[in-house]
Amino acid sequence: LGSLGAELNQRAREEGIRNFLVSYLDLFGAQRAKLVPAAAIGMVADGGAGFAGFAAHFDMTPADADVMAYPDPSSLIRLPWKPEVAWLAADLWCNGKPFEQSPRRVLAKQMQAAAALGLELKTGVEVEFMLLNQTSPGQPPAVDALDSSAKPCYDQVALMRRYDVLSELCGYMEGLGWAPYQADHEDANGQFEINFNFDCAMATADRVAFHKFMVRSVAEKHGLRATFMPKPFTNKTGNGLHCHFTMHAPAEGGRNVFKAASGAEACGDEYGLSQVALHFLGGVIHHTPSLAAITNPTVNSYKRLCAPSTDSGATWAPTVASHGGNDRTHVIRVPDAPRFELRLADTAANPYLLPAGLLAAGLDGMATEADPGPRAKVPAHALPPGAAKPIPVNLLDAIRAFEADATLTSALGA
């Protein structure tokens with residue numbers, strides 16, 4: 001056996017793992033996997049698990065060779081609700097070469113580009129989801145009838161009605177070392193969020209992928225249906241995937257380079273941001289219309305972005321590519337320096353392509369010294385016409401903007 005196979009064999013023996021889920025995400029963010037008995041994991045680690053790429057939404061035909069999934073031992077997570085099974089994120093290869101369509105590969109290449117500059121992207125992602133009651137056969141799941149407040153955000157009673165699910169999930173996250181620090185009821189009836197600590201972009205992407213699987217599994221165990229659909233209900237706030245991000249210098253003790261270390265690095269910003277932060281932000285703002293194809297990849301996504309007001313009185317989704325201070329109406333918010341929050345993405349976004357697109361846009365901004373323009377001092381809806389680029393109003397416009405963006409298409413391999 002090779003070293004990776006031997007490592008996984010040893011962990012299986014020491015930790016009582018009977019089966020492994022060798023898993024990857026397709027271009028639509030759907031989880032694909034094979035269940036591999038522990039006795040065979042060494043063979044799969046060394047030779048890969050074969051998948052027909054055409055069956056998993058990749059740009060292939062039934063005549064193409066298999067895509068081979070090689071598990072990454074560093075990503076191993078034992079299923080807290082079924083600890084004899086371990087989940088492994090996989091890197092994809094085809095015909096003896098890395099498979100460039102793999103979302104995890106796309107992110108890895110952008111992280112390599114950042115590493116060549118001595119930098120590392122760290123992210124913390126807020127994953128909103130809804131917990132719905134199962135209804136009669138043939139009928140869609142429904143919001144708990146007792147969760148009926150017009151403004152249910154942070155509602156204590158509604159939060160505690162789902163205590164069993166949320167506390168189980170928080171306990172699992174603690175056991176996995178994710179350091180969850182709060183769970184809350186969000187702005188739509190039946191909508192929740194559990195926040196956990198930030199990490200390097202790849203580790204966070206792996207965790208978001210597993211988190212969605214875990215939430216669905218635990219909800220089903222409790223007789224509920226979890227949905228990450230961007231806009232399940234016309235009159236309720238949609239599910240966002242808000243991404244907090246910073247850039248760090250590993251060779252300098254992990255210093256956050258978005259914070260000006262000296263007057264020479266400062267951009268004159270009231271938040272103490274650096275020139276690096278300013279230019280990274282400039283790249284993100286410049287590429288926002290084309291990024292929408294990555295951050296908001298479904299038809300339903302634009303029902304969240306372009307929605308009329310909801311029952312609660314707000315959509316909490318941006319409409320123009322603006323940036324402000326601690327103001328949730330803009331694409332980019334500064335909740336506290338030196339950190340940015342991208343509020344554009346929804347929960348249909350692929351958790352690997354989201355940070356990959358963000359990094360590609362930001363690195364381009366750094367290379368071109370992009371100017372994000374002045375920080376908005378008013379809510380986005382109060383900006384004068386033409387003050388910020390509009391966000392695409394439908395998926396077709398987003399795809400057209402992406403296809404016309406040579407920088408992003410080149411960086412992401414499209």
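Which backbone oxygen does the side chain of Thr347 reach? In this predicted model, the partner is the backbone oxygen of Phe228, at 2.4 Å from the Thr347 side chain. Thr347 sits in the loop that runs between strand 16 (339-342) and helix 9 (353-368). Despite the loop setting, Thr347 counts as buried, because its relative accessible area is 2%, against a cut-off of under 20%. Setting aside residues up to four places away in sequence, Thr347 touches Val127, Glu128, Lys212, Phe228, Met229, Pro230, Asn239, Gly240 and Leu241. Phe228 thus turns up twice, as a residue touched by Thr347 and as the owner of the oxygen that the Thr347 side chain reaches.

On to the nonpolar cores. The largest one holds 86 residues, and the members touching the most others are Phe245, Met247, Ile332, Phe340 and Leu342. Helix 6 (residues 201-221) is the top contributor to this core, giving 11 residues. A second core, separate from that one, has 25 residues, among them Phe20, Ala45, Phe58 and Ala69. As for Phe245, leaving out neighbours within four places in sequence, its contacts are Leu121, Lys122, Thr123, Phe258, Phe280, Ile332, Arg339, Phe340, Glu341, Leu342 and Leu358. That list takes in Ile332, Phe340 and Leu342, which are themselves among the residues touching the most other core members.

Helix 1 (residues 3-15) comes out as expected in length: with 13 residues at 1.5 Å a residue it should span 18 Å, and its end C-alpha atoms are indeed 18 Å apart. Its buried residues are Gly5, Leu8, Asn9 and Ala12. Viewed down the helix axis, these fall within an arc of 105°, so they line one face of helix 1. Turned away from that buried side is a face carrying the exposed residues Ser3 and Glu14. The cover over the buried residues includes strand 1 (19-25), helix 2 (41-47), strand 4 (67-71) and strand 6 (82-94). Right after helix 1 comes Gly16, with a positive phi near 70°.

Positive phi also crops up at residues other than glycine. Asn95 has a phi of about 55° and lies in the loop between strand 6 and strand 7 (97-98). With a relative accessible area of 61%, Asn95 is exposed. Ala179 likewise has a positive phi, near 55°, and is found in the loop between helix 5 (163-176) and strand 9 (182-185). Ala179 is partly exposed, at a relative accessible area of 37%.

Definitions and conventions
Residues are numbered from 1 along each chain as its sequence is written. This is a predicted model: local features need pLDDT of at least 70, side-chain atom pairs count only at pLDDT 80 or more; totals for chains, interfaces and linings use all residues. Side-chain values use heavy atoms; hydrogens and water are left out. Helices (H or I, at least four residues) and strands (E, at least two) are DSSP runs, numbered from the N terminus. The expected span of a helix is 1.5 Å times one less than its number of residues. Buried means under 20% relative accessible area, exposed over 50%, partly exposed in between (1.4 Å probe, protein chains only). The arc is that of the directions from the helix axis to the C-beta atoms. Contact means heavy atoms within 4.5 Å. A nonpolar core is a set of buried Ala, Val, Leu, Ile, Met, Phe, Trp, Tyr and Cys residues joined through side-chain atoms within 4.5 Å. A polar contact is a pair of N or O atoms within 3.5 Å; within protein, one must be able to donate a hydrogen and the other to accept it, and residues adjacent in sequence count only if both atoms are side-chain atoms.
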